[in-house]
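Me: I am new to this structure and would like a close look at a single part of it. Could you pick one strand, start from its pairing, and then walk me outward through what lies around it?

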Amino acid sequence: MNLPLSSQQRVEAALAAKGVNIDIKVFPAGTRTAADAAAAIGCQVAEIAKSIVLRAVSSDRVVVVVASGSNRVDEHKVAQLLGEPLARADADFVRRKTGFAIGGVAPVGHLEAPLLLLDQDLLQYDHVWAAAGTSDSVFRLTPAELQLLTDAPLADIKQENEA
């Protein structure tokens with residue numbers, strides 16, 4: 001009998017399927033938020049490639065925006081890019097559609113293929129860190145590798161500060 005893969009094993013399998021050999025690091029103190037991950041890793045918050053999960057209202061599709069850890073996602077910009085209204089995804093929707101719990105959503109290895117967008121601000125870093133399927137695991141890669149792995153378009157998704 002084949003047991004289902006764990007969240008981290010799904011990420012490892014998705015990486016292997018693309019021919020990418022990346023070392024997953026586990027931090028027992030946790031990497032649930034971008035700030036937690038940056039503190040554990042010893043990098044800038046902006047170097048964390050956080051996955052923000054939204055729900056496309058009309059189609060009920062899962063939308064994953066992989067954003068720089070220091071950026072807030074402008075849901076209106078994302079909705080305009082996708083041509084569909086969006087809503088915040090609750091924990092049940094996130095788990096059901098991605099197979100991951102909030103705080104561990106990886107950019108790859110989802111149960112259901114998401115609509116993916118990458119924050120263009122990630123390109124300014126040599127390397128970024130993404131969740132590896134659990135709230136205490138991450139992996140390091142270049143923004144170019146992230147784009148290759150996800151096949152996601154780059155977009156301006158950052159919420160601008162209001163004066």
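Reply: Strands S5 and S8 (residues 154-155) pair in the parallel sense, over two bridges. In this pairing, Asp119 stands opposite Ala155 of S8. Please keep in mind as we go that this is a predicted model.

S5 has another partner as well: strand S3 (residues 62-68) pairs with S5 in the parallel sense over four bridges. Here Val66 is the residue that stands opposite Leu118 in S5. Is S5 itself enclosed or open? Four of its five residues (S5 covers residues 115-119) are buried, so the strand is largely enclosed by the rest of the structure.

Now let us step back along the chain to the loop between H4 and S5, where Gly103 is found. Buried here means under 20% relative accessible area. Gly103 has a relative accessibility of 17%, so it counts as buried. Leaving aside residues up to four places away in sequence, Gly103 touches Thr31, Arg32, Thr134 and Ser135. The C-alpha atoms of Gly103 and Val11 are separated by 14 Å, and these two residues are 92 residues apart along the chain.

Gly103 also leads us to a pocket. Among the 24 residues that line the largest pocket, those nearest its centre are Arg32, Ser51, Ile52, Ile102 and Gly103. About 460 Å³ of space lies in this pocket. Which elements supply its lining? Helix H2 (34-41), S2 and strand S6 (128-131) each supply at least two residues, and S2 gives the most, with seven residues. Sorted by class, the lining of the largest pocket has 15 nonpolar, six polar and three charged residues.

S2 appears again in the second largest pocket, where it gives the most to the lining, with three residues. That pocket has a volume of about 160 Å³. Its lining includes Lys50, Ile52 and Leu54, along with Asn71, Arg72, Val73, Glu75, Arg88 and Gln159. By class, three of these lining residues are nonpolar, two are polar and four are charged.

Let us return to H4, the helix on the other side of the Gly103 loop. H4 (residues 91-98) has Phe93, Val94, Lys97 and Thr98 as its buried residues. They cover an arc of only 100° around the axis, which puts them on the same side of H4. What covers these buried residues includes helix H1 (7-17), strand S2 (48-56) and S3, and S3 is the strand we met above as a partner of S5. After H4 comes Gly99, with a positive phi near 85°.

H1 deserves a look of its own. Its buried residues are Ser7, Gln8, Arg10, Val11 and Leu15. Seen down the axis of H1, they fall within an arc of 160°, so they line one face of the helix. The face turned away from this buried side carries the exposed residues Ala16 and Ala17. On the buried side, the residues of H1 pack against strand S1 (24-26), H4, strand S7 (137-141) and helix H5 (143-150). H1 is followed by Gly19, and the phi of Gly19 is positive, near 75°.

In helix H5 we find Leu149. With a relative accessible area of 7%, Leu149 is buried. Which residues does Leu149 touch? Not counting residues up to four places away in sequence, they are Leu15, Lys18, Val20, Val108 and Leu141. Leu15 is also one of the buried residues of H1. The C-alpha atoms of Leu149 and Ala132, which are 17 residues apart along the chain, are separated by 13 Å.

One last stop is Ala46, in the loop between H2 and S2. Ala46 has a relative accessible area of 7%, so it is buried. Its contacts, again not counting residues up to four places away in sequence, are Ser68, Gly69, Ser70, Leu122 and Tyr125. Between Ala46 and Leu15, which are 31 residues apart along the chain, the C-alpha atoms are separated by 23 Å.

Note on methods:
Residues numbered from 1 in each chain as written. Predicted model: local features only at pLDDT ≥ 70, side-chain atom pairs only at ≥ 80, totals over all residues. Heavy atoms only, no water. Buried < 20%, exposed > 50% of the residue type's maximum accessible area, 1.4 Å probe, protein only. Pairing = 2+ DSSP bridges. Arc of directions from axis to C-beta. Contact = heavy atoms within 4.5 Å. 1 Å grid on protein atoms, 1.4 Å probe; cavity = no way out; pocket = protein on both sides within 12 Å on 5 of 7 lines; lining within 4 Å. Points joined across faces, edges and corners; volume = space filled by probe spheres on them. Nonpolar A, V, L, I, M, F, W, Y, C, P; charged D, E, K, R; others polar.
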